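Let's take a walk through this structure together. Have a look at the picture, and then we'll go from the whole chain down to single residues.

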Amino acid sequence: MGYRKISIYLNDRGILTEKGSKWGVTGNYVYSVLKRFKEREERLKFRKKKYQPIRSKMWLEYNKV
């Protein structure tokens with residue numbers, strides 16, 4: 001199903017956007033919402049990822065003046 005058909009489907013059932021307006025004719029708003037949802041899912045997946053700790057030697061250097 002294309003973005004235009006999704007926007008028509010949502011408008012026919014009276015489902016409004018988060019701002020309270022209709023979904024538009026071209027489907028650009030539907031595309032944007034789905035794109036942001038996918039990006040959010042990827043960010044959450046990245047945040048929940050577990051990493052192994054890496055230990056290394058650490059030292060402090062300074063120069064006497």
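Of the 65 residues in the protein chain, just 9% count as buried. Keep in mind that this is a predicted model. The overall dimensions are worth a look too: a compact globule of 65 residues would have a radius of gyration near 11 Å, but this chain comes in at 24 Å. Put a box around the C-alpha atoms, along the principal axes, and that box is roughly 75 × 30 × 20 Å. You can also pick two points and see how far apart they sit: Glu-18 and Glu-61 are 43 residues apart along the chain, and 55 Å separates their C-alpha atoms.

What is the chain built from? Its secondary structure amounts to two helices and zero strands. Helix 1 covers residues 3-12 and helix 2 covers residues 28-47.

Now for how those helices meet. Two packed helices are described by the angle between their axes and the distance between the axes. Here, the axes of helix 1 and helix 2 come within 8 Å and cross at roughly 100°. Angles of 65 to 115 degrees count as roughly perpendicular, so that is the label for helix 1 and helix 2.

Which residues make the contact? From helix 1 it's Tyr-3, Ile-6 and Ser-7, and they meet Val-30, Tyr-31 and Leu-34 of helix 2. Sort the residues of this contact by type and you get five nonpolar, one polar and no charged.

Ser-7 deserves a stop of its own. This helix 1 residue has a relative accessible area of 0%, so it is buried. Leaving out residues up to four places away in sequence, Ser-7 touches Trp-23, Gly-24, Val-25, Gly-27 and Val-30. With Gly-24 there is also a polar detail: the side chain of Ser-7 reaches the backbone oxygen of Gly-24 at 3.3 Å.

Next, step into the loop between helix 1 and helix 2, where you'll find Ile-15, Thr-17 and Glu-18. Is Thr-17 buried or exposed? Buried means under 20% relative accessible area, and Thr-17 has 8%, so it counts as buried. Not counting residues up to four places away in sequence, Thr-17 touches Lys-22, Trp-23 and Tyr-29.

Move along to Glu-18 and the picture changes. Exposed means over 50%, and because Glu-18 has a relative accessible area of 70%, it is exposed.

Ile-15 has a relative accessibility of 39%, so it counts as partly exposed. Setting aside neighbours within four places in sequence, Ile-15 is in contact with Leu-10 and Trp-23. If Trp-23 sounds familiar by now, that's because you've already met it: Ser-7 and Thr-17 touch Trp-23 too, and Ile-15 is in contact with it as well.

Methods:
Residues are numbered from 1 along each chain as its sequence is written. This is a predicted model: local features need pLDDT of at least 70, side-chain atom pairs count only at pLDDT 80 or more; totals for chains, interfaces and linings use all residues. Side-chain values use heavy atoms; hydrogens and water are left out. Axes are lines fitted to C-alpha atoms, for helices over the stretch in contact, and angles run from 0 to 180 degrees between N-to-C directions. Helices (H or I, at least four residues) and strands (E, at least two) are DSSP runs, numbered from the N terminus. Angles under 35 degrees count as roughly parallel, over 145 as roughly antiparallel, 65 to 115 as roughly perpendicular and the rest as oblique. Contact means heavy atoms within 4.5 Å. Ala, Val, Leu, Ile, Met, Phe, Trp, Tyr, Cys and Pro count as nonpolar, Asp, Glu, Lys and Arg as charged, and the others, Gly among them, as polar. Buried means under 20% relative accessible area, exposed over 50%, partly exposed in between (1.4 Å probe, protein chains only). A polar contact is a pair of N or O atoms within 3.5 Å; within protein, one must be able to donate a hydrogen and the other to accept it, and residues adjacent in sequence count only if both atoms are side-chain atoms. The radius of gyration is taken over C-alpha atoms; the globule rule is 2.2 Å times the number of residues to the power 0.38.
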